[in-house]
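Q: Please take a close look at one part of this structure and explain, with the cut-off for each term, how its pieces meet.

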Number of protein chains: 4
Amino acid sequence: MSRPLRIALLGHRFMGRAHSNAWSQVSRFFDLPVHPVLQVACGRDVQALQEFAHRWGWAGIETDWRRVLERDDVDIVDIALPQHLHAEVAIAAAQAGKHVFCEKPLAMTLGEGRAMVDAAEASGIVHYVNHNYRLAPAVVLARQLIDEGRIGEIRHWRGAYQQSWLVDPAFPLNWKLRQATAYAGPQWDLNSHNVDLALHLVGDITHVSCLTRTFIPERPLEEDPARSGPVEVEDAALMMADFACGAVGSFEATRFALGRRNRHTFEIYGSKGALSWDLEDMNRLQFFSEDDPPQARGFRNLLATERIHRYAKNWWPPGHIIGYEHTFVHAVADFLTAVATGGPARPDFRDGLRVLEILEAGLRSAASGRKCAVP
Amino acid sequence: MSRPLRIALLGHRFMGRAHSNAWSQVSRFFDLPVHPVLQVACGRDVQALQEFAHRWGWAGIETDWRRVLERDDVDIVDIALPQHLHAEVAIAAAQAGKHVFCEKPLAMTLGEGRAMVDAAEASGIVHYVNHNYRLAPAVVLARQLIDEGRIGEIRHWRGAYQQSWLVDPAFPLNWKLRQATAYAGPQWDLNSHNVDLALHLVGDITHVSCLTRTFIPERPLEEDPARSGPVEVEDAALMMADFACGAVGSFEATRFALGRRNRHTFEIYGSKGALSWDLEDMNRLQFFSEDDPPQARGFRNLLATERIHRYAKNWWPPGHIIGYEHTFVHAVADFLTAVATGGPARPDFRDGLRVLEILEAGLRSAASGRKCAVP
Amino acid sequence: MSRPLRIALLGHRFMGRAHSNAWSQVSRFFDLPVHPVLQVACGRDVQALQEFAHRWGWAGIETDWRRVLERDDVDIVDIALPQHLHAEVAIAAAQAGKHVFCEKPLAMTLGEGRAMVDAAEASGIVHYVNHNYRLAPAVVLARQLIDEGRIGEIRHWRGAYQQSWLVDPAFPLNWKLRQATAYAGPQWDLNSHNVDLALHLVGDITHVSCLTRTFIPERPLEEDPARSGPVEVEDAALMMADFACGAVGSFEATRFALGRRNRHTFEIYGSKGALSWDLEDMNRLQFFSEDDPPQARGFRNLLATERIHRYAKNWWPPGHIIGYEHTFVHAVADFLTAVATGGPARPDFRDGLRVLEILEAGLRSAASGRKCAVP
Amino acid sequence: MSRPLRIALLGHRFMGRAHSNAWSQVSRFFDLPVHPVLQVACGRDVQALQEFAHRWGWAGIETDWRRVLERDDVDIVDIALPQHLHAEVAIAAAQAGKHVFCEKPLAMTLGEGRAMVDAAEASGIVHYVNHNYRLAPAVVLARQLIDEGRIGEIRHWRGAYQQSWLVDPAFPLNWKLRQATAYAGPQWDLNSHNVDLALHLVGDITHVSCLTRTFIPERPLEEDPARSGPVEVEDAALMMADFACGAVGSFEATRFALGRRNRHTFEIYGSKGALSWDLEDMNRLQFFSEDDPPQARGFRNLLATERIHRYAKNWWPPGHIIGYEHTFVHAVADFLTAVATGGPARPDFRDGLRVLEILEAGLRSAASGRKCAVP
């Protein structure tokens, strides 16, 4: 019999749904030594929260996250909140001895992030930052092929994360466009994914140069569309990087790429092969191998749904694709396994902090017009 | 408050999982006037069934499907069994006044299928055959664009359903390769999907010519791999068809297409536009419109994840794809809505029977070498 | 020093241009033991012919093809005329001892085709039918991979040739839509390519079933658009086939596929691998190999522009694609080499006749509704 | 009757062949007021040059380019030489009153480039720098769609030019890897194309940041493979840019991208639409329009072979693609038209110089780690 682990979820919007789904589904598809119990959902809008808890099967609700941390019947705190709320909650949760599963980006600032790492490591809890695209089927396969040495020594990373929801000048000045709630724009929101995958697949970054741009400087206020206010974050962020291994990389993140709704792509070129991937077709990986016969070399279109592919055998027969939210199921499967076995989970807060250090160096570079070392 | 509808599931293998998932997930993503209760799961292997019921949250188990039909606390019978078991169960369920959700292909023979239609219509229940690919996001969009008149008068259907699991001669003679349990090969298993989509998107078929082939006539017995027995069904089935509307069509189904794990594709050409689709990339539709400016005509790659797309707004933001099993969630959402409102659900048993009539005419054609009218 | 071979070209429309280009270009890119001399161009419209001859560098003109055959200073007759003019000219040319390079389809009828074969073989000339897509870079590579055994025993051919120029009902009743000048529609025009590639890549065909359809039965007359006349040939032709090797195949040809301007595709599935190709992207071949590691199997996108690829080294560096008309250059390079060495060229008239025998069996099947053996 | 213009070609390697082909083919496919006469080919290896001149139909040869400039029977000088030889020849040719068609990149240094511009403008000749990818069918269409306003205000350029011929450490230290003959690596060779297309399609660039890298610092000497010498140019160059119009851009150029033989791609995102292109599939353009109906928005795959597309009607019917070398035919068609009409040709030396100014600013940025203004 698997052991129950009691979850408290903070947040009940987009990420709250995706996380609830993951906690609900994981035991149906994965055989783990533990199983999550949806103990309590926490939020401030009681009516919406009750409807949410009923829909997803959360046993109870709370409206004060501090109350949640005081409860003895909670083992894990899941922070599915905007980034400006991460640090305080995560630190308190760690101090209360709760394991923490936290949405990305890890935090607003490096100071916050470091405090989170310190608190988590001091308390000995299992901590996890949900850079979920590491767990997309084709990214898992990319990592495997790299680990098998099939790409060789990596020379190039070329990544982009492109959305288009800000092209309309009438789109309002929401929380993602204000420093107080978002800290930065796509550099934080989208390049955090982009950089995390680069760190995961290529390795550490030592220097960056960055260029940011706000195309539309003012937007209508949410509370009064007749008035407008200043957009406080960048609309697009481009970055070039030196990797510790000698590779070079480029990163683009934008909310102004019409035709791209949620396109996250990378290309990796090494001394023996190459890879490329697109989130909008996340079950597929393109793989080039210099080991193929010379008359028959080309990018192979791999569908990562074979039983031999990690996580894939837990789902459906070969050729049956999975969707976006399944990456969260993989993430909680890894996290729960770590909690069960006492082992570390990756990516953890330290990984999340490293992403922030690189992004922050990028913002410094954009402001100064100089290449910046990542401390 | 939505009304509960109590489900009994028969079968707990691949389809049992996919159906359980659909009943579990539908109320989380769709706002329906009813909600399913996972009342009882039925099977013959008690130990496996118990594990299954526990994993998926089925309240109870039964080992005799006749017992299930006698229970007052069951509103809906879900038949997730191989096709040779459909007719007897479905007819009895209809006679017991249970609504029936049945896997495809509807039945083994036309006689069975007609009896199922008769029983279902006589009893007044809601009946549904799970041709789930009608509900794939891009197929839903295809139907919408056709209904909007954007394709015009249809002239061509070109469909294929290609798998590769029989290429290895060592693959054993399982139930899908015997007439007693499968009736036919990919003509039944795969062309049933292919023909159903053609009926759904183009309309009725009047004549067919068909060619079948068994590439590997003998295979090892499952029970004793040292011995072999005859493969009793075709390995591949090709078919050409006349549609009532004047279009012509082709259909291919095979288990011998290396590199294709579960590729179901169609192309549709009309007087004003064209469409194409591939199940392995089921969130995307290719759409050509003769209405585009002459210098800018080409197939558009549509990602059917916008809020304006039917079902899509129930899932994730634009650009976040869904997977194979979500088609089942759409199917049960439609079916439950029909049960709740007393209205018919489509595709129903009559739709499922029509598919069989066409496939059976194909088998007659293959045997006779003549074009056959579909009665 | 290479030996001159003097060419006479019959025809100066679309094919006349493509052939003139091939004769002009071949010595610039290929090192052959012979080189073509553009001796004389023949046609009936003197003014257009003169302009054409001047543009392409033909040394002289003739307006009567019989005069051409009488000339001693002509070694090769190139028949770039519509199919109803092939037989008489080719037979006379063979009898006059001229080598013959003839456009496809070989002829109007089997009788004509057989007479052409007989005349050519009796005279001992080199004869060639220009099924030029055998020479597209990726088709050449397909043949190589098959010959290397990388696909294994072939089970499936799935071919289509799709155009869209007849969708508009106002398109006039031109020579391609009349039996007297075209004999048949896309069965002759397009399926001749489709069947030729199948014969070349898979092998001989023993039986066919066919379905033809004329969607628009009347069209405006070219000479008087206010009046209309009957379309005498099919608008679309679908065909299923048994290959001698045990494979099954399907063929589609249509002039009603909106969005497809000149799309010729095939898929080939064997016991060890698979191939697919599209003329609109004719430098690329998709190749699947079961020999790849299980975690890394998928269709490879091969760009057939490497020096190791046949013909490719004659053009540009790797990655620099060639276009449609280059297939004609390859064809005349092969043909000239055969003339120079006295060896046979392939595809020859016998190959062209075999294509017609299969297409004709298809027309008989379409008329009778029965599967027909190919004699 | 069209007027003859007598061409002198300098160079007879890869570019010499491509240019010879263009001069030979242009009058066959384009109706121009002038026609080129292949007057004289110039090089230093007499035997190879004679073979070359014979093959391509050059009327005579010269071994000293100064002799060529003295000849009265030469109207146009075509410089198909490595870049370190451009400036001296081009300036002398301009001073001799010859029109000049010059390969790209324009020159080694800004000083050279400015002198070329000055000489060309002072003499009043027609001057042209062969940034031939402007003339690829889909790039021509891209420009047309931008000019029609279909993309709106441009915000993003994302370009890459990726090759792979230096991955093997045994590849020798040839002239492209030495400063004296190449000045720089892919920044000069490949990013010159990349930047030229950006200038052509988006507009001028004001600032750049750049990162260069030499992955393999030493290579075997061509003259003695047992010894090695230092690679003097970068192996890869990444660049970020500010456009004058407010757009931001990124540029990558590398010789280390395994699997990419000659892949030049761009993505352009504007306020109303988007475009993307790949040289390896140069007849196709991807086009997204926000004007499409909301349920049917996606990138359209445009095949730029319709008669309505500029240059396309000069070649083959719709759907018949053209190849790499056809871009040179388009270029000489434009250039010859300019010479005939006395009008300017674009891109001219000033355009070529602007590319160099941007690339040079990039090299300065890479050396200094600072963003640099382009003077």
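A: The answer below begins with the two domains of chain A, follows the helices at α11, and ends with the contacts between chains. This is a predicted model, in which local features need pLDDT of at least 70 and side-chain atom pairs count only at pLDDT 80 or more, whereas totals for chains, interfaces and linings use all residues. Residues are numbered from 1 along each chain as its sequence is written, while chains are lettered from A and ligands numbered from 1 in the order in which they are written.

Chain A is split into domain 1 (3-132) and domain 2 (134-345 + 353-373), with bounds that come from an automatic or database domain assignment. The C-alpha centres of these two domains of chain A are 23 Å apart. Where they touch, domain 1 of chain A contributes 36 residues and domain 2 of chain A contributes 33 residues, two residues being in contact if their C-beta atoms, placed from the backbone, lie within 7 Å. On the domain 1 side, at least two residues each are supplied by β1 (3-10), α1 (14-29), β2 (34-42), β5 (99-102) and α5 (110-123) of chain A; helices here are DSSP runs (H or I, at least four residues), as are strands (E, at least two), numbered from the N terminus. Of the elements on that side, α1(A) gives the most, with 8 residues. By class, the domain 1 side that touches domain 2 of chain A has 22 nonpolar, 11 polar and 3 charged residues, where Ala, Val, Leu, Ile, Met, Phe, Trp, Tyr, Cys and Pro count as nonpolar, Asp, Glu, Lys and Arg as charged, and the others, Gly among them, as polar.

The helix pairs of chain A can be taken in turn. Two packed helices are described by the angle between their axes and the distance between the axes. For α5(A) and helix α11 (residues 349-368) of chain A, the angle is about 165 degrees and the axes are 9 Å apart; axes are lines fitted to C-alpha atoms, for helices over the stretch in contact, and angles run from 0 to 180 degrees between N-to-C directions. The two helices α5(A) and α11(A) are therefore roughly antiparallel to each other, given that angles under 35 degrees count as roughly parallel, over 145 as roughly antiparallel, 65 to 115 as roughly perpendicular and the rest as oblique. The crossing of α5(A) past α11(A) is left-handed, a term used if the near helix is turned anticlockwise from the far one by less than a right angle, with right-handed used if clockwise. The residues of α5(A) that meet α11(A) are L110(A), G113(A), R114(A), M116(A), V117(A) and A120(A), and their partners in α11(A) are F349(A), R350(A), G352(A), L353(A), L356(A), E357(A) and E360(A). By class, this contact of α5(A) with α11(A) has 7 nonpolar, 2 polar and 4 charged residues.

Helix α11(A) also packs against helix α9 (residues 191-201) of chain A, at an angle of about 115 degrees and with the axes 9 Å apart. The crossing of α9(A) and α11(A) is right-handed. Here N191(A), S192(A), V195(A), D196(A) and L199(A) of α9(A) meet R354(A), V355(A), I358(A) and L359(A) of α11(A), and the classes in this contact are 5 nonpolar, 2 polar and 2 charged residues.

Two backbone details concern loops. In chain B, the peptide bond from R346(B) to P347(B) is cis, with omega near 0 degrees, and P347(B) is found in the loop between α10 (326-341) and α11 (349-368) of chain B. In chain A, Y183(A), a residue other than glycine, has a positive phi near 65 degrees, and Y183(A) lies in the loop between α7 (179-182) and α8 (186-189) of chain A. Most residues other than glycine have a negative phi, and most peptide bonds are trans.

Between chains, 32 residues of chain D are in contact with 32 residues of chain A. The elements that give two or more residues to the chain D side are β7 (154-162), β8 (205-213), β11 (236-243), β12 (248-254), β13 (263-270) and β14 (273-278) of chain D, and that side divides by class into 15 nonpolar, 10 polar and 7 charged residues. A turn of 180 degrees and a shift of 0.0 Å along the axis lay chain D on chain A with an RMSD of 0.0 Å, the copies being superposed by least squares on the C-alpha atoms of residues with pLDDT of at least 70 in both. That is the relation of a two-fold axis. R370(D) is the residue of chain D that comes closest to the rotation axis, at 2.2 Å (C-alpha), and 100% of the contact residues of chain D recur in chain A, the same surface serving both copies.
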